[in-house]
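Student: I have a chain on the bench and its model on the screen. Please take me through one part of it closely, and show me how that part sits in the whole.

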Amino acid sequence: MRTKAAIMKAISDVLVDVWSQVLVDDAKIVRLGAEQFPVSTSKTKRLRQVEFTFEGKTITGIEQNPKTKSRWAKEARAGRMVVQFIEEGRYIAVVSAGKITRYGKRGQ
């Protein structure tokens, strides 16, 4: 059984890996170990997104919409590559330019 710190490190590594595959590599399929997850594009805003599993949880990564008023949208407008990650309807982290920022209790 892995410690909480080991799981937190592992999820951080996975989120940065997903960000890299989706935005840097422009992959159509995200590969995590032996598993593969298709990258889709939202119908209305044309933003890339991917749904994958980690430690039995479903996580969705969504490219940041640069047209909103958030600080992350400002970074996207400045040319940085930004992906928001959601689990169970809550934002858990964002990866911008390869750097992860964790949100809430899971990020502590």
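What follows is a close look at the sheet and the residues packed around it.

Student: Which strands form the open sheet, and in what order? Please go from there to the core, and then to single residues.

Tutor: Start with the whole chain. This is a predicted model. The protein chain has two helices and seven strands. From the N terminus, the elements run α-β-β-β-β-α-β-β-β. The C-alpha atoms fill a box of roughly 40 × 30 × 25 Å along the principal axes. A compact globule of 108 residues would have a radius of gyration near 13 Å, and the protein chain has 13 Å, so the two agree. Buried residues account for 40% of the 108. Take the contacts between residues at least 6 apart in sequence: 35% of them join residues at least 24 apart.

Now the sheet. Seven strands form it, and it is open. The order is β1-β2-β3-β4-β5-β6-β7, with antiparallel pairing. The edges are β1 and β7 (99-102), each pairing on one side only. From one strand to the next, the twist averages 25°. Strands of a sheet pair through backbone hydrogen bonds, either parallel or antiparallel.

Look at one pairing inside the sheet. Strand β4 covers residues 57-63, and six bridges join it to β3. These two strands run antiparallel. Phe-52 has Ile-59 of β4 as its bridge partner.

That pair leads into the core. Phe-52 and Ile-59 are both among the residues with the most contacts inside the largest nonpolar core. The others in that group are Leu-15, Val-18, Val-50 and Phe-85. The core has 21 residues. Elements giving two or more residues to this core are α1 (4-24), β1 (29-32), β2 (35-41), β3 (48-54), β5 (82-87) and β6 (90-96). Helix α1 gives the most, with eight residues.

Stay with Ile-59 for a moment. Set aside its neighbours within four places in sequence. Ile-59 then touches Ile-11 and Leu-15, along with Val-50, Glu-51, Phe-52 and Phe-54. Its contacts also include Phe-85, Ile-86, Glu-87 and Ile-92.

Next come two buried polar residues. Gln-84 is in strand β5. Its relative accessibility is 9%, so Gln-84 counts as buried. Its side chain makes a polar contact of 3.4 Å with the side chain of Tyr-103. Beyond four places in sequence, the contacts of Gln-84 include Thr-60, Gly-61, Ile-62 and Gln-64. Trp-72, Tyr-91, Ala-93 and Val-94 are also in contact with Gln-84.

Ser-96 lies in strand β6. Its relative accessible area is 6%, so Ser-96 is buried. The side chains of Ser-96 and Glu-75 are joined by a polar contact of 2.4 Å. Leaving out residues up to four places away, Ser-96 touches Trp-72, Glu-75, Arg-80, Met-81 and Val-82. Trp-72 thus appears in the contacts of Gln-84 and in those of Ser-96.

Finish with a residue at the other extreme of accessibility. Arg-46 sits in the loop between β2 and β3. Its relative accessibility is 58%, so Arg-46 counts as exposed. Arg-46 and Thr-60 are 14 residues apart along the chain, and their C-alpha atoms are separated by 16 Å.

Methods:
Residues numbered from 1 in each chain as written. Predicted model: local features only at pLDDT ≥ 70, side-chain atom pairs only at ≥ 80, totals over all residues. Heavy atoms only, no water. Core = buried A, V, L, I, M, F, W, Y, C linked by side-chain atoms within 4.5 Å. Buried < 20%, exposed > 50% of the residue type's maximum accessible area, 1.4 Å probe, protein only. Helix = DSSP H or I, 4+ residues; strand = E, 2+ residues; numbered from the N terminus. Contact = heavy atoms within 4.5 Å. Pairing = 2+ DSSP bridges. Axes fitted to C-alpha atoms, helices over the stretch in contact; angles between N-to-C directions. Polar contact = N/O pair within 3.5 Å; in protein donor to acceptor, adjacent residues only side chain to side chain. Rg over C-alpha atoms; globule rule 2.2 N^0.38 Å.
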